[in-house]
Amino acid sequence: MTDWQEIEKEYYMPAFTRIPVTLVRGEGMKVWDDAGKEYLDFVAGIAVNVLGHCHPALTAAICEQAGTLLHTSCLYYTTPQLMLAELLVRNSALDKVFFCNSGAEANEGALKLARQYGKHKLAGANEIITTFNSFHGRTLMTLAATGQPKFQEPYKPMPGGFINVEYNNIEAIKKATSKKTCAIMLEPIQGEGGVNMAAADYFKQVRSWCDEKSVLLILDEIQTGMGRIGPLFGYELYGIEPDIMTLAKGLGGGFPIGAFMAKDAASVFEAGDHGSTFGGNPLACAAGYAVLKYILDNDVLTQAREVAYHLAYKLEQMKTQFDFVTEVRGSGLLIAMQFNRDIAAHVLNACMSEGLLVNKLKPNAIRFVPPLIVSKSDVDVATNILYKVLSNIKTEKGQ
Ligand SMILES: *Cc1c(COP(=O)(O)O)cnc(C)c1O
């Protein structure tokens, strides 16, 4: 058997901490490694494979488009792009869309749009308020927006114009707002930063503050959008609407695509202001269209919410059974389990040898972000494995 880990060592930049398994095939909720071992996938490519692996509707759409028209650039009109644009706008609170290729690119575009808005409508205001422990991407601009110094440190100097404040603290936002502020950018739930939830009224307060100060509210829905936390878009949970919203991860169901959307009032780009050779490419948009159409036509989100309750219930049960499980938090199918010590790597490895993939969120927390097509029986299998793994962890006295 080929030693792919050796080949990586020889040829690939060592920028990742990989889990030592080579995945070669997927179907539905399952993936297989190169030794033929089967895994139940509760990671879904980090909240991406919303329809599971190789869903027939998605695979067929990609194959058909690949045999029809692959790429034309942004110089011409293409049908999949406009079909997806129409479907997204009709099913969201936003009015216009721009497609790109990843989450970071979507945020980069959203930030440029906000700066452009500030230039024309807010007397040149260009500062953007974001939060500590946020995650907005790995380009320099989105790293500057990301309030986590550990990601920024090696690449300083960072682009300026960002102020980081505490999440879930409206007073901190108020204090940081000035005549120079053009936008406030938040995740409906901080995903990579720890599945951190805000209080129920936080987003309403932020929305009113943005209205009062005439600054834009940008919601980074790259992780929370596409049904991940319950409704199609996270803002629906809080009864508010953003001025700008970004999407990626689940949008293509595994095909790379990103998007930023805006209300008409915030949609200030004019010809030549932004661009992308690949963005909105027919293949990516055919994939995105197939995913969203399938979700809407098959009421995938109702089923996902029911299964999500079941998963949360099972995990909460384990919290009462194991004293080292200190918290279960999240919404919909974005759930974290918090431990009182650094056992996440051990739990991940033990689950993996039992045939379950979970995500290490922090040294002391794991995350569950399964496909939205996950069933109750998949949850039962997964939580039985997790129960067995946690049962084998010795409880230390006094903990
Ligand atoms: C994953 C993620 C990003 C970055 O997306 P990439 O496609 O990796 O560039 C940005 N924001 C949030 C909230 C994310 O979860």
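Me: In which strand is Ile335 found?
Reply: This is a predicted model, in which local features need pLDDT of at least 70 and side-chain atom pairs count only at pLDDT 80 or more, while totals for chains, interfaces and linings use all residues. Residues are numbered from 1 along each chain as its sequence is written, and side-chain values use heavy atoms, with hydrogens and water left out. Helices (H or I, at least four residues) and strands (E, at least two) are DSSP runs, numbered from the N terminus. The strand that holds Ile335 runs over residues 334–339, and its name is E12.

Me: Is Ile335 buried or exposed?
Reply: A residue is called buried under 20% relative accessible area, exposed over 50% and partly exposed in between, with a 1.4 Å probe and protein chains only. Since the relative accessibility of Ile335 is 4%, this residue counts as buried.

Me: What distance separates the C-alpha atoms of Ile335 and Arg367?
Reply: Along the chain, Ile335 and Arg367 are 32 residues apart. In space, the separation of their C-alpha atoms is 5.7 Å.

Me: Which residue has its C-alpha atom 8.3 Å from that of Gly118?
Reply: Gly118 is found in helix H5, where this glycine is buried, with a relative accessible area of 0%. The residue that answers the question stands 97 residues away along the chain, and it is Val215.

Me: What distance separates the C-alpha atoms of Leu84 and Val97?
Reply: Leu84 lies in helix H4, which covers residues 79–90, and at 0% relative accessibility Leu84 counts as buried. Between Leu84 and Val97, which are 13 residues apart along the chain, the C-alpha separation is 9.4 Å.

Me: With the side chain of which residue does the side chain of Gln190 make a polar contact?
Reply: A polar contact is a pair of N or O atoms within 3.5 Å; within protein, one must be able to donate a hydrogen and the other to accept it, and residues adjacent in sequence count only if both atoms are side-chain atoms. Gln190 has its place in the loop between strand E7 (181–186) and helix H9 (202–213), and at 2% relative accessibility it counts as buried. At 3.0 Å, the side chain of Gln190 makes such a contact with that of Thr131.

Me: The backbone nitrogen of which residue lies 2.7 Å from a polar atom of the side chain of Asp243?
Reply: Asp243 is found in the loop between H10 and strand E9 (244–247), and it is buried, with a relative accessible area of 13%. The backbone nitrogen that lies 2.7 Å from a polar atom of the Asp243 side chain belongs to Leu217.

Me: Which helix gives the most to the shell around the ligand?
Reply: A residue counts as near the ligand if one of its heavy atoms lies within 4 Å of it, and the residues that surround the ligand include Ser102, Gly103, Phe135, His136, Asp220 and Lys249. With three residues, the helix that gives the most to this shell is the one at residues 103–121, namely H5.

Me: What share of the accessible area that the ligand has on its own does the protein cover?
Reply: Accessible areas come from the Shrake-Rupley method with a 1.4 Å probe; for residues, only the protein chains shown count as cover. A nitrogen atom of the ligand is 2.8 Å from an N or O atom in the side chain of Asp220, while a polar side-chain atom of Lys249 lies 2.6 Å from an oxygen atom of the ligand. Of the 380 Å² that the ligand has on its own, the protein covers 81%.

Me: What arc around the axis of H14 do its buried residues cover?
Reply: Among the buried residues of H14 are Asp378, Val379, Ala382, Ile385 and Leu390. The arc is that of the directions from the helix axis to the C-beta atoms. The buried residues lie on the same side of H14, because their arc around the axis is only 155°.

Me: Which residue does a cis peptide bond join to Lys156?
Reply: Most peptide bonds are trans. In the cis bond asked about, omega is about 5°, and the partner of Lys156 is Pro157.

Me: Near what value is phi of Met226?
Reply: Met226 lies in the loop between strand E8 (216–220) and helix H10 (235–238), and it is buried, with a relative accessible area of 1%. Most residues other than glycine have a negative phi. Phi of Met226, in contrast, is positive, near 60°.
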